[in-house]
Each structure stands twice: as C-alpha cells, then as structure tokens.
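Biologist: Before we discuss any feature, could you put the sequence and the structure in front of us, and then take me through how such a picture is read?
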Amino acid sequence: MTSDLSDLYQEILLEHNRRPRNFRTVDGATHQADGFNPLCGDQISLQLKVNGATGHIDDVGFQGHGCAISRASASLLTQTIKGASGTDVATLFDEFHRMLTEPDAELDLDLLGDLEMLSGVIAYPTRIKCAILAWHTLKAALDGDGTATTE
Amino acid sequence: MTTATGQNPAALADGLNAIDAHRLRRDFPILNQEINGQPLVYLDSAATTQKPQVVIDAIVDYYTRNNANVHRGVHTLSQRATDDYERAREAVRRFINAPESCEVIYVRGTTEGLNLVASSYGRKYFKPGDEVIVTGMEHHSNIVPWQILGKEIGVKLRVVPFNDDGELLLDQFESMLGDRTRMVSVVHQSNALGTVNPVKTMASLAHARGVPVMLDAAQSIPHMPIDVQDLGADFVAFSGHKMYGPTGIGVLWGRAELLDAMPPYQSGGEMIRSVTFEETIYNDLPAKFEAGTPDIAGAIGLGAAVEYLEAIGMARIARYEHALMRYGAERLGSIAGVRLVGTAANKGGVLSFIMDAAHAHDIGTILDAAGIAVRTGHHCAQPVMARYEISATARASLGLYNTTDDIDALVKAIDRVIEVFG
C-alpha cells in the first residue's frame, strides 16, 4: 500500500468498518435523523437518547449502509459523543470539520481523541462527505430536522 | 473449446485484432500521463470519452482562424464558420444514416434532446391519462422529463422490468402497449449495466400500434454502428462528449414530419423567420429548434469526432470492444468476492461490479491510487440499483483506446482492494 492509502485506511479504521460500534437501534430514543449522501447512495439512520434533566446524550446508535469511511466515522461518532452535552457536540463537530478541511490547522488532539484516525481523509477531497455524513445527521437529530444530506 | 463464460478463444483473439488499440491510443494525448505515480488507465468512457488530437485541433483551428457567428454575417469568417458548422451536421447525418441533414438538431447533449421531445412533442400531443413507456434501466434523464410532464398533464409512466441478468422482459413491454400509450422512450445501451436493448423489435411493436419511439443512444453511438432508419426510431438523442467529441454539444435526430409539426422548444434568435410585436413566424428545420448562437466550436469538434470514428469503422470498433468486454468479464468474474452486475447476453463495454470486501467508493479510491479511473456510485440510475438492492457499483467502461493491459491493471488493483479490506 502506498503511504497515502495507509494514512487513509488505517487498520483501526478498517476494524471499525468491519465491526462498527453501537450498530443498533436505541431503546427509548428521544431524537433521530436519517442522513443521505445523494451522490453515492450512502444512508445512515441515527438514534439518540438525550437525558431530559441533564441534556447529556445517554445513548446513541446507528444503522444503514455506506463505504468504509462513512461507516467507521459513524462508529467513532457514537463512541465519542456518549455522555456529551449539546455544546460539547457543537465544539467537537467544529474541530472535526477543521481537521478534514484545514490542512494546517492546529488541532486539539485531546478533544478529538480517536476521531484523529480520520485525519487522512483531508488528502481525499471526494471522501470528506463520507466522513462527515454521520455528523450532519447527528446535528439534524439534535436540531429536530429529521433528515440531513451532504449536498 | 469454450471457456467458463462461454467464449471461444479464437473468436476472442479475432475480436481483439479488429482494431489496433495500442496505436489508436496514441491519438489521445491525455492518456500519456501518470496519475499518482502510475500510468493512467482510463476506464470511465461511459461517463465521458477522451478526445483525439484531431478533435482538439478542430476546435483550436476554429477559434484560431475561423471564429464568427453562423448564419448571420456576409463576411468571409462568418461564411467559413457556417460552412464548417453545417458540414459537421452533414457528417452526423451520414454517420447515423438519417434521410435529411435538416433532421439533425444540435442540442447540448442527450439530456437536452430528451427534454426537447418531452417538452415540445409531449405538451402538444399528450392528454391526461396518456402513458409513456420507459424501461427499468433508464438514466435519470429519461425518467425525470416525463415525470415532470406527468405532473403537469397527468401522463402516467409505465416501466418495463428486467431480469437478473439485466435483460428486458419483452412480453411485459408488449402487454403494456395499449390505447393510451403515446410514446415509448428507451435507452439503447444501459449506462449502468451495459445491456443493449432490442430496440428494433421494440420499435416495430410500438409502430404496429402507431406509437412513436425515442431512443437514448448516449451509450450506444460511440460503440456500434447506428442506422436510425434501420432501427426504426422516430427520435434519437446522443451526446458529443461520449463519442470522443467535445462537451456541451449533442444531437437530437427526429423524423422531419414529426419535427415539423412540433412547436419550438426555446425561442429567440435564429429560430425565427420574421418577428413583429404581434406575431412571429418560425424558421424551418433545423433552425426552428436552434434558438440563439449555438455551440459552433462544439459542433465542429463533433464533426471531427464523427470523421475520426468513420475512418476506423464502427463495426470494427464494436467487434473489438465486445471482445475486450468479454475478456474483462471473464477476468473479473473469476475473482472470488467480485460480482458483475449486468450480465445480459447482448451487452456493450460496461463492467459494473460490486465486492464483498469493500464498498464501491473505497474500491474507487484504491483504484485511483493505482492510476485507474472508474466511476463509482449509482450512475444516475437509482432504479437500477434498487432493482439489485444495492446502493452503488464500481463501473469500468471501455473505449476504443483500452487494451487487455488496462483490464489486467484493473484486476491487479482489485487484488489490492482485497488485500486492504481482507
């Protein structure tokens, strides 16, 4: 594999693709949204259970189909946002977006955590939408929009 | 002796000798480059073909020496531009064996040709409750224009289904033809599956009931001889850029008596004979359908592409690409974990496939790293994807410049996909 390709398809990312975390429906979900990438047909369905008292995300799961990048990204998202508040999610989304679109950005790697394994996507502009689909879907779910698309 | 996919090695070798693709590919300057450090392997001709030097030269020459508006000035440049623009129309007429060059209408591409007929013919003749028959393997451009008309007028779309190999169920087509059928609009060769549909039979069935037939020939015209009279079509649309010509130019051919009776599609300059504020008298064919200054350079480039193809010979191109497709189908089909989508007995140079190990997008990225260009996605044919319950395929599509070396490079890169995704 060329160095570029192995930056994109890191072994741990491929592992998330093969065995995505929280690939399930959520009992007692309070929020949900469907995300589509109309260019490639990728589709995910995200469900959240938000704690009414604290506003924190108690549980999250996703289903659907897509490429390795979109699937691993959704898997990582569910791991990362469990326990987060709406504000935490907004901050994470911004930082994640910067990682994928700003080549020389100084990133908060502590904040990004495992999400950093998607940093190789920046070298593949056509694949950024794959990585970001789950995050648009999360935003739509929290905003009560119901659907999100990458277009 | 035949192989697993039923091909005869002698016939295959004979087909592969029909043209000298190794020599012809030198006519295409773009192919002589590296992508990601690897020699470019261009397998996306169904999306757009590359352009031979003669087409590029024709466009450069037009802008360098002859640029002027057509059918307007009395000056020398305008006369030259008009002559070249009309010579290209005559070349297209000859290429498709149309009776009259005035039946060759320049449009932007297949999509505009289909929209023109839906809009002009459809609005004039369709009534609520009428039906248009299309197939289940249409490109979106042969679905949406009829749907829009459907909402406006109340026309119903009937869809001819196809079997698992991607072959139309002709008996179902026959039973759909009825008193309310006003148009049959079918794709000649499917962009997603490669199936070549039996359009001549379909046209004769439709005509027996007095129903006109429109062909989307975008994918067939670069790859096989097309004789519009022999096929029995009433309208045929195709795009320049898929037949080694420039983008932005295409052709709608229609039978003169039908085109004559149709109202203009767009209006403005060129399409009129006389205008007062009270009334406009429309021009004759083809000007009636060519409002505004046309894509003159595009038409001249298209004419050069047609002459290039004629010099090689469409029958030889068809034989060669068919043999190459068979070679590719056999090589891809023998890789464990690869499934070809579209296995019709009569099929053109399209190898659509999916893999157990990886999604089409991931395949596309890994192939690109190996310098190989394929299309990935739904190919603007979502109903086809739905028919197979998949969301996307990777599609390698062939042109006259592809060789068995390109297929071998593809197979090697697919092995790499399996390595990465295991």
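Modeller: Helices and strands here are DSSP runs, a helix having at least four residues and a strand at least two, and both are numbered from the N terminus. Please also keep in mind that this is a predicted model.

Biologist: With that convention, in what order do the elements of chain A run from the N terminus on?

Modeller: Chain A has six helices and four strands, and read from the N terminus on, the order is α-α-β-β-β-α-α-α-α-β.

Biologist: What radius of gyration would a compact globule of 151 residues have, and what does chain A have?

Modeller: The idea is to set the value for the chain beside the one expected from its number of residues; for 151 residues a compact globule would be near 15 Å, and chain A, with 15 Å, agrees with that. Its C-alpha trace spans about 50 × 30 × 30 Å along the principal axes. Of the 151 residues in chain A, 38% are buried, and among contacts with a separation of 6 or more, 60% join residues 24 or more positions apart.

Biologist: Turning to a single helix, what span should α6 of chain A have, and what is the distance between its end C-alpha atoms?

Modeller: One reckons 1.5 Å a residue, so that the 16 residues of helix α6(A), residues 128–143, should span 22 Å, and the end C-alpha atoms are indeed 22 Å apart. There is nevertheless a kink of about 30 degrees in α6(A), centred on A134(A). After the helix comes G144(A), whose phi is positive, near 75 degrees.

Biologist: Is α6(A) largely enclosed or largely open?

Modeller: A residue is called buried if 20 or more other C-beta atoms lie within 10 Å of its own. Twelve of the 16 residues of α6(A) are buried, and the helix is therefore largely enclosed by the rest of the structure; the buried residues include A134(A), W135(A) and H136(A).

Biologist: How many residues does each chain bring to the contact between chain A and chain B?

Modeller: Chain B gives 14 residues and chain A gives 17. On the side of chain B, the elements that give two or more residues are α13 (360–369) and α15 (404–421), with α13(B) giving the most, namely five residues. Sorted by class, this side of chain B has seven nonpolar, six polar and one charged residues.

Biologist: Which domains does the assignment give within chain B?

Modeller: The domain assignment gives domain 1 as 9–32 + 313–421 and domain 2 as 55–311, and the C-alpha centres of these two domains of chain B lie 28 Å apart. Their contact takes 21 residues from domain 1 and 21 residues from domain 2. On the side of domain 1, α12 (314–333), β14 (350–355) and α14 (382–387) of chain B each supply at least two residues, and α12(B) gives the most, with five. By class, that side of domain 1 has eleven nonpolar, seven polar and three charged residues.

Biologist: To finish with one residue, is Y244(B) buried or exposed?

Modeller: Y244(B) counts as buried because it has 27 C-beta neighbours inside 10 Å, although Y244(B) is found in a loop, the one between β9 (235–239) and β10 (250–254) of chain B. Leaving aside residues up to four places away in sequence, Y244(B) touches T49(B), K51(B), P52(B), V55(B), P222(B), A305(B), Y308(B) and L309(B).

Definitions and conventions: Residues numbered from 1 in each chain as written. Chains lettered and ligands numbered in written order. Predicted model: local features only at pLDDT ≥ 70, side-chain atom pairs only at ≥ 80, totals over all residues. Rg over C-alpha atoms; globule rule 2.2 N^0.38 Å. Contact = placed C-beta atoms within 7 Å. Expected span 1.5 Å × (residues − 1). Bend = angle between axes of the 7 residues up to and from the residue. Nonpolar A, V, L, I, M, F, W, Y, C, P; charged D, E, K, R; others polar. Domains from an automatic or database assignment.
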